[in-house]
Every structure is written in structure tokens, then in C-alpha cells.
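Student: I'd like to take a close look at a single part of this model, starting from the strands and ending at the ligand. Please walk me through it slowly.

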Amino acid sequence: MEKIIIEGGKALKGTVRISGAKNAALPIIASCMLTGGRHRLHNIPRLRDIKTMKSIMSKLGVSFREDHGILEVNSDNLTSCETPYDLVKTMRASILLLGPLLARYGKARISLPGGCAIGARPVNFHLKALADMGVDMSLEQGYINASVDRLTGANIFFDLPTVTGTENIMMAAVTAHGKTVLKNAAKEPEILDLANMLRKMGADIKGDGTDTIIIHGTKRLNPAEHSVIPDRIEAGTFMIASAMTGGDIHIEGCRPEHLSAAIKKLRSTGTFVEVNGNGLHVKGTDIIESSDIKTMPFPGFPTDLQAQFMALMCIAKGWSMIREGIFENRFIHVSELRRMGAEIEINGNQALIKGRDRLLPAPVMATDLRASASLILAGLVAEGGRTEVHRIYHLDRGYEAIEKKFRNLGAAIWREKE
Ligand code: EPU
């Protein structure tokens, strides 16, 4: 086990390059199972979740090769349709294999992901939509047994826009018989990235990026080459870090249009944010103004930046209110931030934060991926000692070399064995 140590108090300066998006790379790697041949994927981040996805797919017979930073994926010889519980339990996104397996083989045995730290996170919308497409399903020993002769296009309405649900059904629909219409679909940039990959494979998809996606099933797909979009949550995390530390940083290789809500909110705190093509220049201010947020589906403020924005509000002037609109339990970072002196009250899905002049160093425990990032940010401004962040395997699921990137920006941060 490893921990991250931070000696806070340094203003960040310099340039950071953003890695590929975890939440785009995961469905795109899964989509390579839709057809055999050699797919070539660029900009795949080096993360634990990506490793887990590759391990699960290797168990299904998919082979992977890295060639000069390009990931080659070959699913010519699938040998199994079963995803094992011991791997699935570490990563919910393995549910993304259900759509491709049914599309390619008409059957799948997938371990049902359980709840996780941030909420119950059911997959009932995925399953209902697949049932609408003709899939027979039963639950046995915690596994979903699913089978279908041939997937059939259907009119599907999601009660809530679900990101992985939309992705799963898009992958199921691309070779289904007939037309699938997805209503109240998710509009996140990761959906568009998957749609672009699927179109390169020969799929007929329209409307991605709107709440109605229309897919006409095609008989044949071909392997494709694709470069994954940059990670908007990683970019947003560095933006907030610069705002918190009174920094002056350039964020390179991001897509500012994916970050509109975060940019607007940061500007409202007095932070200087300038967009330069695929880059951002973010400069902190002496006095951080407080600002309220409510997390919402894209293009609203992302839930995956809520914990980090809360860390910023902990040192803002005055009171702020954060409403979590996506997950029911995504305030688990609060008790750890309190250990660093933050004043936060929780009432249901609302957090009321009283900004303070400073945060204090402390040993803290990472509880989920984005919670871990908020503790790192808090540690970067906690002066007068060491902040130790434990259980950082959560962090390694979704941030590539985070301590190296912060160190290059001048932070005193390093990793040690527990
Ligand atoms: N929901 C249901 N039933 C379903 C599916 C979703 O009730 O069948 C509910 C969820 O419980 C939640 C809401 O609908 O309240 C939206 O959840 P969604 O399905 O969109 O979440 P997800 O697809 O499981 C993805 C990201 C998350 C991100 C959310 C929201 C991936 C692999 N994961 O999860 O990323 O928070 O969308 O944007 O794409 C992270 O990276 O830290 C992370 C948690």
C-alpha cells in the first residue's frame, strides 16, 4: 500500500499536459469486442481502471499489445462470455462489456456490479433497455445471464440520462436488426467520443450530443483507429488546484469546450481563466469568492468535479452551497476535509460550507476517486506540516501520475510505501 505526502503552501507554476479521458477510454476499449481485427487506440491513459478493463477482456480472449504508446486490441478469438466477480467488483464500468458481448455473441454472463462508496448505482436502465431489444435475462449467484438470438432495434426511454447506460445500448444497437431510438440519452463528451469510434467502425449513429440518439443496425463492422479525447475531469482538477494555491499554470492538450460549466464557475470565484485553443491559462486570485454549484448531467457542472470544487470553497470568502444532483451519497470526502479544519454542514444532498482562511495538514483517508483528488487539493494549501493521503489506490484508478504532474508544477508532493 502506498500513501501520498504533501507539504502544502506552494503556488503552482508551469505547464501540465492532460492525459486521455478514463471515462471515454473504457467504453472505447470495450467497443473493440464488437468485431475482430486489429483496432488501434491512441491517448489511452495509464490507469488502474484501464488495466482492470484489459484484465477482464483478456479473460474473455481479447489480446492487447502496446506499440509506441498505441494500444492495439484484437478480439478475433473470444473464448469466454463471462466476466469474473473478483475483477468486476473493483470496477463498475465492467458492465460496459454487456452490450458488446450480446451484439457479438448473443450471450453474456456478467457479474452484477454492487453499490459503491458514492451511491447504490443500479444498472436497471441498462437491463430494461436490453430487455426492450429482445434480451432474455436472469439473475443467478450475483451474475446476469443474458442471451438473445439477434438483438432487435427498439424505442428506448431512459428515466434519467445514464452515461454508461447510453454507451452500453449504443454498442448493443450498432449491429442490431433495425432502428434503435434512445430518448433522454446522456450528452457527455465521452458519449460523442464513443459514437465517433463506432462510426469509424462503420456504425450508423446520429444525434449523439443531443438527448435523442438514432442508430440503424449495420451487418458488418470493421476494426478502427481512434484517439481518445482528453480528460476533462483531470483538466478541471488542475484548474481548481491553480485557483486554490494562487497559482499561474497553463493546461495543455485539453478541450475547453468540455469544461464550460467549470470555467464559468471558477471565473465567478475571481479566478482568471483564459482559453487559448486547446489550452487554458489559469491564475489564482488573493481572495477567492464563494460560489454555489449544483451538479447536473452535461453540460451542467460535473459531479466528478464536485469534491474538488468543495475543497476550493473551504478556503473561499464567506458561505457557499453545493448541491449534488447525480449521486445520493457523494459527500464522503466531507468528514476527511473536516479533519483538515474545513467547516461543512451536510443536509441530505446539500452541503453548506463556511470558507476559512486556511486548511490544516492532517493524515486523511481517500474513500473514492474524486474524494481522493479533493484531499490532494486540500493538502496543497495546508501549510505548517505534512498531509498524508492514505488508500491512494482510488486515486490511481483515475489520475495518471498525479503526484509527478503536481511536482512538475512546483508542489512538494511525493509517494511513499505505507
Ligand atoms: N442510474 C440508475 N439506474 C441505472 C443507471 C443509472 O438509477 O441503470 C442513476 C445513478 O444511480 C445516478 C444517475 O442515474 O444517480 C446517473 O448515473 P450514470 O449511469 O450516468 O453514471 P455511470 O454511467 O455509472 C458515469 C461515470 C462516473 C460519473 C457518472 C455521472 C464512467 C465509467 N463513469 O457513471 O464517473 O460520475 O457517469 O457523470 O463513465 C468517476 O469517474 O469518478 C465516476 C464516478
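Tutor: Start with strand β6 (residues 82–83), which pairs with strand β7 (residues 107–111) in the parallel sense, over two bridges. Keep in mind as you look that this is a predicted model. To find one of the pairings, go to Glu-82: its bridge partner in β7 is Arg-109. β7 also pairs with strand β9 (residues 143–147), this time in the antiparallel sense and over five bridges. On that side, look for Ala-108, which stands opposite Ala-146 in β9.

Now hop along to strand β19 (residues 319–323), where you'll find Arg-323. Arg-323 has a relative accessibility of 32%, so it counts as partly exposed, the class between under 20% (buried) and over 50% (exposed). Its C-alpha atom is 6.4 Å from that of Ala-351, although the two residues are 28 apart along the chain.

For a contrast, check out helix α10 (residues 306–313). Eight of its eight residues are buried, so the helix is largely enclosed by the rest of the structure. Among those buried residues are Gln-306, Phe-309 and Met-313.

That brings us to the ligand, so let's slow down here. It is surrounded by 21 residues, and the closest are Asn-124, Thr-162, Thr-164, Asp-304 and Ile-326. Sorted by class, this shell has 10 nonpolar, six polar and five charged residues. Both domain 1 (2–19 + 230–417) and domain 2 (22–227) give residues to the shell, so the ligand lies between them.

Next, zoom in on the oxygen atoms of the ligand. One of them is 2.6 Å from an N or O atom in the side chain of Thr-164. With Val-163 you should look at the backbone instead: an N or O atom there lies 2.8 Å from a ligand oxygen. Then there's Arg-330, with a polar side-chain atom 3.4 Å from an oxygen atom of the ligand. As for cover, the ligand on its own has 830 Å² of accessible area, and the protein covers 88% of that.

Finally, which elements give two or more residues to the shell? They are α1 (22–31), α5 (124–132), α6 (163–173) and α12 (369–381). α5 gives the most, with three residues, so try picking out that helix as you turn the model around.

Conventions: Residues numbered from 1 in each chain as written. Predicted model: local features only at pLDDT ≥ 70, side-chain atom pairs only at ≥ 80, totals over all residues. Heavy atoms only, no water. Near = heavy atom within 4 Å. Polar contact = N/O pair within 3.5 Å; in protein donor to acceptor, adjacent residues only side chain to side chain. Areas by Shrake-Rupley, 256 points an atom, 1.4 Å probe, with all protein chains shown as cover. Helix = DSSP H or I, 4+ residues; strand = E, 2+ residues; numbered from the N terminus. Nonpolar A, V, L, I, M, F, W, Y, C, P; charged D, E, K, R; others polar. Domains from an automatic or database assignment. Buried < 20%, exposed > 50% of the residue type's maximum accessible area, 1.4 Å probe, protein only. Pairing = 2+ DSSP bridges.
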